[in-house]
Amino acid sequence: MPGSIPQVIFHFHERSFRWMMTMVFAVEEINHNSSLLPGVKLGYRIMDSCNYIHNSLQALYSLLTHSKASKEIKARQSSTCLYYSPVPAVIGLASSSPTRAVAQTLGPFNIPLVSYFATCTCLSDKHLYPSFLRTVPSDLFQVRGLVNLVTYFGWFWVGTIGATDDYSLYGIQAFSNQFRRQGGCVAFHLSIPASPTTVEILEMADKLESSTARVVVVITAEVDVLHLFSELAQRNVTGIQWIASEAWVTSSRLASPDFHFLLEGTLGFSFPGVSIPGLKEFLLNVRPSPKPGMEFINMFWEEQFGCKLEFENAGSLAKPVCTGSEDLRQTDSSYSDVSPVRISYNVYKAVYAVAHALHTFLNCDSVGHNKGLCEKHRSFSNGQFLQHLKMVNFTNQFNEKVYFDSNGEPVPLYDIINWQKDSKDKMRFIKVGNYDGSAPHGQQLQIMKNTIVWTKGERQVPVSQCSAPCPPGSRQATRRGEPKCCFDCLPCADGEISNQTGSTDCIKCPEYYLSDKDKVKCVAGEEEFLSFYDAMGIILVALTLLGFILTSIITIVFHSFRFTPIVKANNSEISFLLLLSLKLCFLCSLVFIGQPSWWTCRLRQAAFGISFALCLSCVLFKTIVVLLAFRTNVPGSRGRMLFGTAQQRILIICTTAPQICLCAGWVLAAPPFPFRNPNYQASTGRIVVECKEPWPPGFYLLLGYIGLLAFACLLLAFLGRKLPDTFNEAKLITFSMLIFWAVWISFIPAYVSSPGKFSVAVEIFAILSSSFGLLLCIFIPKCYIILLRPERNIKKGMTGKYSR
């Protein structure tokens, strides 16, 4: 058929034959051991399952019914053999799928099935397989070890290969699930059919070549990957780091020179190996025979030497005739490779476990008249022997404690094997570590990293990644529709850092800290406030001092000319109080400059509010005095008497008192306090130190009361702007109030929209502007007359009777 593998060739599996002969060796060794099962000789029957479920069940039925199979070896039995007993136990099988079928069949009959190589986790289900035990650990532990192994070397982007049997399906599924939980991604999975076509092999080879994953985990038997590896070898594919399961990690067939450049550096799990004394000599002393039950040995002999035995009827006549005296010592095959053995050791332990269970079951250590002999006629019914086998516990000659846990499994111990070429260019399986599934977490995997040879014979750990890890200062951003291991690197935002390679998220800096320019560490944010040393602060301080000095000079001038008509006519007492309040207005702006503190935050708005309330109260009553002075023509009239000097003081105090009460209540109940504002940190890189007002309405009430006084002043001054006066002060007050209102109306939006220290500067500017407006509009014209036009500083000049 075009496009398919021409023919599936069934060949003799030398490795499996060694496992079989190891069982025979163990039985012979026990039969010659006088301390184990004294007086009893073990027998055995061997059936070939051909690794198929159907064949396995057929062989099982044949075994249990004692029918003769076409391929069997009969035990040499003496009169002391348990020939009358049913089969006490079955040892096998090597593959998980046939083992499941056989174990499920034997379960209801409580006949033990002890496997030496069926590792599927599915077989741990005691409800489905109550009589199943094994001398090989479950794949659950191997999968955990494989996940630990690949993550240990930083491989989080790997491919997987498996077959369609239970061993591969359960193993790959468990590996993928655990690997993803550890943060890894499976780049691809190749499932090899039982009989793959040429097209399927080519497609899988193409996938392997094109993938960015340079680490591939293979959980299957050697026979399943043979065609794929052959195709890759023909393509001269290199650079793939293979991670092998125990099913093929010590395969001598795959370790042949044809695959050296492809598989050198392979790393994987294997069962601990030992050198069994006498096993090699036993295997090499096997000889063919025409006797019944020797069919397997005869087949092996013909396969090994490429000849045909005379007593075998079928076969090719073109082959030479075997003499039977050929020397196995001259051959080099996996059959005779016993240093050390791994799967064969599991077979060896399985046979001894059955023997020790029989020893206990038959009361071979009993005292009395049967001392030293076993009760050979004991019945095997009701699963009693199964319970004895589950409880078996002994230490073998290799100082290993052999027992089964509650799941019928041994201690999960593995060697980590590395494929390395020796000086003779031969592949060797070198132990580079171990894995103990029963050890505490974090101590299970032990690796001698410096002794490992990687793919292509390199000493550098291979790299397998979809995307290179993001450098510090950036984070991973997963690409839409792709695995999480495929990502882009995005720089961290302002105020965030990542100080490790491969960070998935950026860490937000603590409050009041900023990220540096490389976004790898947080640095304390630079504090910002309106300082006395800033250019803006210096200008505002200079204007403040200028205003204060100018007010002081005007005060001196007024005090020097306090008896002149222009000073007396404008109520000198209120004028001096107004000048004092203007000084306070100028000076209160200094409290806004510098780093906010506990006392400056409480003082600044209160000082501003009270100073301006006092100032505007003086202006208000000065305006009222002007109106009364020009509208009351009769001296000593009642209006002027009711609004005398004493009354003016009381009224100024009364109009200032509400502001004082408001400020006092605000400061006591919800006082402003120093606050480090990080809102501008992202944009300016600085932390604004400001006074936080826990009760914002307090400031607007304070400002509103000042506005109310200013409005009253403007209204009264506007009404008196046309008084018949040579020096009409109402006009000056009107103009000063217009300036005041213009400044403070523009102040509110500017104050709200200004960031950081600029909002403080806006408020200071408003204070200084309005203070200068009042000072210049009200007092400068008077100083002009006092100093430069003294001829107008007479009583007639103040009443409008003076003319030029």
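The questions below concern confidence, one helix pair and one strand of a predicted model.

Local features need pLDDT of at least 70, side-chain atom pairs count only at pLDDT 80 or more, and totals for chains, interfaces and linings use all residues. Residues are numbered from 1 along each chain as its sequence is written, and side-chain values use heavy atoms, without hydrogens and water.

Q: Over which residues does pLDDT stay under 50, with 11 contacts beyond four places in sequence?
A: pLDDT is the predictor's confidence in each residue, from 0 to 100, and the chain averages 85. Where pLDDT is low, the predicted coordinates should not be read in detail. Contact means heavy atoms within 4.5 Å. The stretch with 11 such contacts is residues 1-10.

Q: At what angle do helix 2 and helix 3 pack?
A: Helices (H or I, at least four residues) and strands (E, at least two) are DSSP runs, numbered from the N terminus. Axes are lines fitted to C-alpha atoms, for helices over the stretch in contact, and angles run from 0 to 180 degrees between N-to-C directions. Helix 2 covers residues 53-64 and helix 3 residues 96-106; their axes are 8 Å apart, at an angle of about 35°.

Q: Which residues of strand 6 point the other way from Val215, Val217 and Ile219?
A: In a regular strand the side chains alternate between the two faces of the sheet. In strand 6 (residues 215-219), 5 of 5 residues are buried, meaning under 20% relative accessible area (1.4 Å probe, protein chains only). Opposite in direction to Val215, Val217 and Ile219 are Val216 and Val218.

How values were computed. Buried means under 20% relative accessible area, exposed over 50%, partly exposed in between (1.4 Å probe, protein chains only).
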